[in-house]
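Visitor: Please take a close look at how charged side chains pair here, and then say something about the backbone. I would like one connected account that keeps the cut-offs explicit.

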Amino acid sequence: MTLEFSQLGLAPDFVDYMQGWEIQRELHNKVVVGEKPSTVLLLEHAAVYTAGKLTEDHERPFDGTPVVPVDRGGKLTWHGPGQLIAYPILKLKNRAGIRDYVERLEEVMIAIMEEYGIKASRVKGRAGVWVLADDKGPDRKIAAIGIRVLDGVTMHGVAINCSNDLAPYAQIIACGITDASVTTMSIETGRTINPADIAERFKEEFRKHEEALVSSPEGAIQ
């Protein structure tokens, strides 16, 4: 296999955001030069707000809560306990295929939702995975995507709302979207679904896209 997975920490072993970011950057540098294979990091973060490059001042927390600026695309979001984070650090087979990469990330998450009886889909013009408006409420985001590609290798990734508290989203304009809401797998199914419950399924679904996404390790330092 040309792809590895590394589980950094799931509840109760939450990973500090800055610690996770440093691990990402170190691994990214090694994947770029072939010292490490493409790797997907799986974890839960301790609670934090992060601001992508498109975040505007009025979208920040209303209560002055600190925000970590990051070099991914997108706007402001929250990460914390109950959310499965996946950071694929991949040497892309097709460096120009970023749209394809994002769509495959969405496919992975939609497939997981379907297994739990959640009808999730894409929304044109909006990143991530959504549950469309129904008798429960308006369109609501159930998984977020924010990526960066540097030297042909991806960073950052996805956040799947499993059982996290939604109260932190009340303090921000999540992802800059004012006419939609957020939800979790637990809310949609009526039963508790934790990140540890779907971590293996994420690996299985991601593996299905490995051949299309990941560059051959030929020539890598062993």
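Guide: Glu22 is a fitting place to start, since a relative accessibility of 34% puts it in the partly exposed class (under 20% relative accessible area is buried, over 50% exposed, and partly exposed in between, with a 1.4 Å probe and protein chains only). The model is predicted, so local features need pLDDT of at least 70 and side-chain atom pairs pLDDT 80 or more, while totals for chains, interfaces and linings use all residues. Residues are numbered from 1 along each chain as its sequence is written, and side-chain values use heavy atoms, without hydrogens or water.

The partner of Glu22 is Arg25, and their side chains form a salt bridge at 3.0 Å from N to O (a side-chain nitrogen of Lys or Arg within 4 Å of a carboxyl oxygen of Asp or Glu). Arg25, at 33% relative accessibility, is likewise classed as partly exposed. Both residues belong to helix H1, which covers residues 17–33, and the three residues that separate them in sequence amount to about one turn of the helix. Helices are DSSP runs of H or I with at least four residues, strands runs of E with at least two, numbered from the N terminus.

This pair belongs to a total of 16 salt bridges in the structure. Another of them joins Arg99 to Glu103, with an N to O distance of 3.5 Å. Here the two residues sit four apart in helix H2 (residues 98–115), so about one helical turn lies between them. Arg99 has a relative accessibility of 48% and counts as partly exposed, and Glu103 falls into the partly exposed class with 32%.

The pairing of Glu188 with Arg140 gives a further view, with a salt bridge of 2.8 Å between N and O. Because Glu188 is part of helix H3 (residues 185–189) and Arg140 is part of strand S9 (residues 140–150), this contact ties together parts of the chain that are 48 residues apart in sequence. Glu188 is buried at 14% relative accessibility, and Arg140 is buried too, with a relative accessible area of 5%. Beyond such individual pairs, salt bridges with shared partners link Arg99, Glu103, Glu106, Glu107 and Arg122 into one network, so the Arg99 and Glu103 contact within H2 is one of the connections to read in that setting.

Turning to the backbone, strand S9 also leads to one of the residues with an unusual sign of phi. Asp151 lies in the loop that runs between S9 and S10, and its phi is near 55 degrees, which is a positive value for a residue other than glycine. The relative accessible area of Asp151 is 49%, so it counts as partly exposed. His156 also combines a positive phi, about 60 degrees, with not being a glycine, but His156 is placed in strand S10 and is buried, with a relative accessible area of 2%.

One more backbone feature brings the account back to the helix where it began. The loop between strand S1 (3–9) and H1 contains Pro12, and the peptide bond leading from Ala11 to Pro12 is cis, with omega near 10 degrees. H1 is therefore the helix that follows this loop and also the one that holds the Arg25 and Glu22 pair.
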